[in-house]
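The following exercises are to be solved with the sequence and the coordinates at hand. Each task is followed by a worked solution.

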Amino acid sequence: MASESAIKDHAAVEQPHGLPPILSKKFNITDVKQDALKWNKEWEVAIASSTAADVLKEITYFLDDSFFPPSDIEFLHKDLRSVQDRVAEALRRLFDEGHFDTIWLLLNVAEQKRHILEGLKGASVAPTLWGQDCRAFCPELTVSNLVSQGGKGFIDFLTRVLELFKSPTKPAFLPNSWWEQASDLPNPWWDKASDVSPRKKPTSQSTKNVFEAVTINRNKFIAHFVLSSVLSIVGDITNRSAGMKGVLHVMENTEGYIARSLAHAKTTFRDKPLIRCDNCTKTPEDIGQGVRFMVCSVCKAKLNFEVHYCSQSCQKQDWSLHKQACGKKPVSKGLKGTKGDSLWAFGDSNPTADFLRSLDKEGRPLRSLRDIGVNPCKGKRSPAAERQAQMLEADRNVDYFLFTPRGETVRFVIDDPGAKMIFRIHRGEILTQTDNTGLGSMGEYLLKKMSGYPGLNRNIILKQLCEEHGTDTTREIVRLEQTSRKHGKSTFLEGWVKDSASVFGDWSWLGLL
């Protein structure tokens, strides 16, 4: 991991005198030193309600191309490239020498937002010509975008910045369609009378040089944002801050692939439910830009409940179904990823979510851990596994059935809700032959909990599991037991539940289901 001092060296630059604030006054933006959160929210609103041409127009009200001769532009180019080189080196060291991306993804969203704000604060006081006003040139730096997909938005952004800054182009400009719409516009004040402008009639009809200078400072602001946010994160790692302790515990007490799998799991979660047409099930993204979904006005007014349609045609087609509940009771179709789907937070390609959605053959929603049963097998089960599946379906309160040599049935029931959920997911994937990767952890857990039960021992349980799931079962379990001992864990499953709690929170809420 790149050291904090190394990144500070990159960030340490002298503060020059910039131009007076123009845009901050126009949009009545709170000073960043007074309230950074409010400052950023006000900027995000201002940017969303403006065009790049609007922003550039305010700049050219005071400056025109004559203010930036070619020699000055060349100097600004070299200065920007120098900053970008420092950023590229810092990012390269972070990605090459440590597990920066995994650590970031494991942070909770509140901590991620705090570091993003620290980055924006740092960039706003960095040496740029327009200071805080440079925030107006950077629409891609929104907190919601950067913490999207569990923080993957920020990692993707840093990766894009690194690739661009390593390019031979000098300097490298981060592309943005919103900003580039303002390139090479005519000077909006050229035909205005001198009493309208605070200065005499501008000497240039063009804004090409002004746009170039502003673009340079836009990219310089972005570079300093990257340095400041990364410095904030590395500082917390070095100082083992309160918000970083849980993540560092996971990193230091699990195998690398476990931490990476937890981090990856976070990136598959949605930040908010999808909106789907209740008739054709398409989302706004499926249809394309410009579409505005409608809601049933009766359900909205009487029930404060939203039923969405992409068009009047779809609303008419769905009326024969919807009229039975319209305005009377909130009935959801539970479309995948929508608010009516209890698993909306899981991404479309998440196999665990798909498995959970398909658990109940009668189509009832998942309401409790008991509902995590066993579905029909996608392949062919062994006779022993078929018996296990049938017994589990007949008694959903049981997590697994074990058998003594005398043929007595032992009902295995897990009390811990987190362990119960993970065990049942593994069990379902194994018995439906969807995925076999959880066989070792399921077997290891059974051996730990039941080897000392009257009438059972390790060899008896292993023999049963091999009959049910194949002769390689013992090897898989032993391999995982060795790994667990190496890392000082009782079992993989118990360790995963404990370590994941620092990332996803205490699993005790599952017991309320």
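Axes are lines fitted to C-alpha atoms, for helices over the stretch in contact, and angles run from 0 to 180 degrees between N-to-C directions. The model is predicted: local features need pLDDT of at least 70, side-chain atom pairs count only at pLDDT 80 or more, and totals for chains, interfaces and linings use all residues. Residues are numbered from 1 along each chain as its sequence is written, and side-chain values use heavy atoms, without hydrogens and water.

**Exercise 1.** Determine how the axes of helices α21 and α22 cross, and which residues make the contact.

Solution. Helices (H or I, at least four residues) and strands (E, at least two) are DSSP runs, numbered from the N terminus. The axes of α21 (residues 458-469) and α22 (residues 473-486) come within 8 Å and cross at roughly 125°. The two helices are therefore oblique (angles under 35 degrees count as roughly parallel, over 145 as roughly antiparallel, 65 to 115 as roughly perpendicular, the rest as oblique). In the contact (heavy atoms within 4.5 Å), α21 contributes Arg458, Leu462, Leu465, Cys466 and His469, and α22 contributes Thr473, Thr474, Ile477, Val478 and Glu481.

**Exercise 2.** State in which sense β3 and β4 pair, and which residue of the hairpin has a positive phi.

Solution. Strands pair if DSSP finds at least two bridges between them. Strand β3 (residues 400-403) and β4 are antiparallel, with four bridges. Phe403 lies opposite Thr409 of β4. Five residues separate the strands in this hairpin, where Gly407 has a positive phi near 85°.
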